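Student: I would like to go through this model term by term. For each label, please set the value against its cut-off.

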Amino acid sequence: GTYYELGTGRTYTFNLNLSNVFGVVGSKNFTYTLGATGSLYFGEYVPQGDGYARFNSMSKKNLSDLASKFITSVSISGTTLTVKTSSTYIENYYASSSTDDFMFTTYHDRYVFYDEFDLVTGTDYKTYAQSNQSALPSCYFSITVKDTVSNMSQTIKLWVVSAVSGVSFKQSTLTF
């Protein structure tokens with residue numbers, strides 16, 4: 001389906017339309033539910049030196065269990081739905097990290113990405129990475145807003161993408 005692409009680390013507002021065919025508006029008593037559709041593979045990402053890395057302990061996780069990591073805040077005030085996104089997106093996500101004695105950082109529950117340069121290995125790594133590539137277009141987060149009096153609801157589909165935080169132009173001199 002269609003979804004809104006939201007940038008990382010941003011706040012978005014959506015207006016709630018309360019009218020119906022009879023010109024009568026709803027109660028403005030809203031609740032919301034944050035959810036997600038889809039599941040993807042995550043694993044332990046361990047650098048091996050010289051640009052090489054290995055994925056270990058890969059497993060499939062439901063995005064509904066991770067939704068609050070990407071949609072960090074949802075609120076409704078009057079007829080305005082406000083949504084805040086995290087500073088990361090799924091393809092760059094990891095749950096935690098640790099550094100070993102050799103200064104290599106291991107990323108735990110890292111999204112299993114496809115490495116086009118063949119620098120990443122792991123048992124069945126390519127299978128899981130290709131599965132993620134195939135599944136990603138059908139994944140999305142969702143917020144269902146429900147009017148508690150009428151029991152009517154509407155769902156909005158969202159996806160968090162990398163966002164530009166700023167653009168600058170640096171003056172330079174051209175010398176001949």
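Tutor: Start with accessibility: buried means under 20% relative accessible area, exposed means over 50%, and partly exposed is in between (1.4 Å probe, protein chains only). This is a predicted model, in which local features need pLDDT of at least 70 and side-chain atom pairs count only at pLDDT 80 or more, while totals for chains, interfaces and linings use all residues. Residues are numbered from 1 along each chain as its sequence is written, and side-chain values use heavy atoms, with hydrogens and water left out.

Student: Why is aspartate 118 called partly exposed?

Tutor: Aspartate 118 has a relative accessible area of 43%. Partly exposed lies between the limits of 20% and 50%, so the label applies.

Student: What makes aspartate 118 and lysine 126 a salt bridge?

Tutor: A salt bridge is a side-chain nitrogen of Lys or Arg within 4 Å of a carboxyl oxygen of Asp or Glu. The closest N and O atoms of aspartate 118 and lysine 126 are 3.0 Å apart, so the pair meets the rule. Lysine 126 counts as partly exposed, at 38% relative accessibility.

Student: How many salt bridges does this rule give?

Tutor: The count is 2. Besides the pair of aspartate 118 and lysine 126, aspartate 109 and lysine 61 meet at 3.6 Å, N to O. This pair links distant parts of the chain, with aspartate 109 in strand 9 (residues 105–111) and lysine 61 in strand 5 (residues 52–62), 48 residues apart. Strands (E, at least two residues) are DSSP runs, numbered from the N terminus. Aspartate 109 is partly exposed at 32%, and lysine 61 is partly exposed at 25%.

Student: What is notable about the phi of aspartate 118?

Tutor: Its phi is positive, about 60°, although aspartate 118 is not a glycine. Most residues other than glycine have a negative phi. Aspartate 118 sits in the loop between strand 9 and strand 10 (120–121). Serine 57 also has a positive phi, near 50°, but serine 57 is found in strand 5.

Student: Is serine 57 buried or exposed?

Tutor: Serine 57 is exposed, because its relative accessible area is 65%, and exposed means over 50%.

Student: How do you know which strands of the open sheet stand at its edges?

Tutor: Two strands pair if DSSP finds at least two bridges between them. The sheet has 4 strands in the order 1-12-11-3, with mixed pairing. Strand 1 (4–7) and strand 3 (30–37) each have a single partner strand, so one side of each is left without a neighbour in the sheet.

Student: What makes the pairing mixed?

Tutor: Strand 1 and strand 12 (residues 153–161) pair in the parallel sense over 4 bridges, with tyrosine 4 opposite leucine 158. Strand 3 and strand 11 pair in the antiparallel sense over 8 bridges, and strand 11 and strand 12 do so over 6. Each count meets the minimum of two, so DSSP pairing holds.

Student: Why is strand 11 called mostly covered?

Tutor: In strand 11 (residues 140–147), 6 of its 8 residues are buried. Isoleucine 143 has isoleucine 156 in strand 12 as its bridge partner. Ile143 is also listed with Leu63, Leu81 and Ile90 as touching the most other members of the largest nonpolar core, which has 38 residues. Such a core is a set of buried Ala, Val, Leu, Ile, Met, Phe, Trp, Tyr and Cys residues joined through side-chain atoms within 4.5 Å.
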